[in-house]
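The exercises below concern one protein chain. Each gives a task and then a solution in steps.

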Amino acid sequence: MNFNDNKPIYLQIAESLMDSIVRGDLPDETRLPSVRDYAIEAGVNPNTVMRTFVWLQQQELIYMKRGIGYFVAPNASVKILQMRKEYFFAHEANYFFDRLAQFGITPEQLGRDYAEYRKKRDKESLR
């Protein structure tokens, strides 16, 4: 895994796991690799992976079955998308809206452009 200096490694690992959950690569009730196995796969210390798993568990995105391991929680993808939506509106939307205003993009133009973007993206996903 490639890491950057923008945020702690355990949160970067958490983001990667959350991406996998949202994409459907890790559906509800899927067992996650063990802490040791995931640490080897990610090339990090097992303590870092443990911190990731604890954080994900605190967010109620995974849960532990004692003696068996960690599993993806039911509806984790819905929770992740809600978390990301809330984060976007709390931390990123103002910048986005300010840029739209700077560029003179009207709500109507944004709506048309976004609808066109979605059509194009939907067509590409069917391929």
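The model is predicted. In it, strand 1 and strand 2 make a hairpin with 3 residues between them, and G67 in the turn has a positive phi of about 80 degrees.

**Exercise 1. The hairpin**

Task: Determine in which sense strand 1 and strand 2 pair, and over how many bridges. Then find the bridge partner of Y63.

Solution.
Step 1. Strand 1 covers residues 62-65, and its pairing with strand 2 is antiparallel.
Step 2. The pairing runs over 4 bridges.
Step 3. Y63 has F71 in strand 2 as its bridge partner.

**Exercise 2. Positive phi outside the hairpin**

Task: For G24, state its place relative to helix 1 and its phi. For E29 and E60, state the loop in which each is found and whether each is partly exposed or exposed.

Solution.
Step 1. G24 comes just after helix 1 and takes a positive phi of about 95 degrees.
Step 2. E29 is not a glycine, yet its phi is positive, at about 70 degrees. E29 sits in the loop between helix 1 and helix 2. Its relative accessible area is 39%, so E29 is partly exposed.
Step 3. E60 is not a glycine either, and has a positive phi of about 65 degrees. E60 belongs to the loop between helix 3 and strand 1. With a relative accessibility of 52%, E60 counts as exposed, because the cut-off for exposed is over 50%.

**Exercise 3. Helix 1: length and buried side**

Task: Check the length of helix 1 against the expected span. Then list its buried residues and say which elements they pack against.

Solution.
Step 1. Helix 1 has 15 residues, and at 1.5 Å a residue it should span 21 Å. The factor applied to 1.5 Å is one less than the number of residues.
Step 2. The end C-alpha atoms of helix 1 are 21 Å apart, which agrees with the expected span.
Step 3. The buried residues of helix 1 are Y10, Q12, I13, A14, L17, M18, S20 and I21.
Step 4. An α-helix has 3.6 residues a turn, so residues three or four places apart point the same way.
Step 5. The buried residues of helix 1 pack against helix 2 (35-42), helix 3 (46-58), strand 2 (69-72) and helix 4 (76-103).

**Exercise 4. A buried glutamine**

Task: Find which backbone oxygens lie close to polar atoms of the side chain of Q12, and at what distances.

Solution.
Step 1. Q12 lies in helix 1, residues 9-23. Its relative accessible area is 11%, so Q12 is buried.
Step 2. A polar atom of the Q12 side chain lies 2.8 Å from the backbone oxygen of N4.
Step 3. The backbone oxygen of K7 is 2.6 Å from a polar atom of the Q12 side chain.
Step 4. Leaving out residues up to four places away in sequence, Q12 touches M1, N2, F3, N4 and K7.

**Exercise 5. Salt bridges**

Task: Give the number of salt bridges, and find which residues are joined into one network.

Solution.
Step 1. The count is 3 salt bridges.
Step 2. R84 pairs with E15, with the closest N and O atoms 3.0 Å apart. R84 is in helix 4 and E15 in helix 1, so this pair ties together parts that are 69 residues apart in sequence.
Step 3. D19 and R84 also meet in a salt bridge, at 2.7 Å from N to O. This pair links D19 in helix 1 with R84 in helix 4, 65 residues apart.
Step 4. R84 is partly exposed at 27% relative accessibility, E15 is partly exposed at 28%, and D19 is partly exposed at 31%.
Step 5. D25 and R23 form a salt bridge at 2.8 Å, N to O. Shared partners join E15, D19 and R84 into one network.

**Exercise 6. The nonpolar core**

Task: State how many residues the largest nonpolar core has and which element supplies the largest share.

Solution.
Step 1. The largest nonpolar core has 23 residues, and those with the most contacts inside it are L17, L32, Y38, V49, F53 and L56.
Step 2. At least two residues of this core come from each of helix 1, helix 2, helix 3, strand 2 and helix 4.
Step 3. Helix 1 gives the largest share, 6 residues.
Step 4. Apart from its neighbours within four places in sequence, L56 is in contact with A14, L17, M18, L61 and I62.

Notes. Residues are numbered from 1 along each chain as its sequence is written. Side-chain values use heavy atoms; hydrogens and water are left out. Buried means under 20% relative accessible area, exposed over 50%, partly exposed in between (1.4 Å probe, protein chains only). A polar contact is a pair of N or O atoms within 3.5 Å; within protein, one must be able to donate a hydrogen and the other to accept it, and residues adjacent in sequence count only if both atoms are side-chain atoms. Contact means heavy atoms within 4.5 Å. A salt bridge is a side-chain nitrogen of Lys or Arg within 4 Å of a carboxyl oxygen of Asp or Glu. Two strands pair if DSSP finds at least two bridges between them. A nonpolar core is a set of buried Ala, Val, Leu, Ile, Met, Phe, Trp, Tyr and Cys residues joined through side-chain atoms within 4.5 Å.
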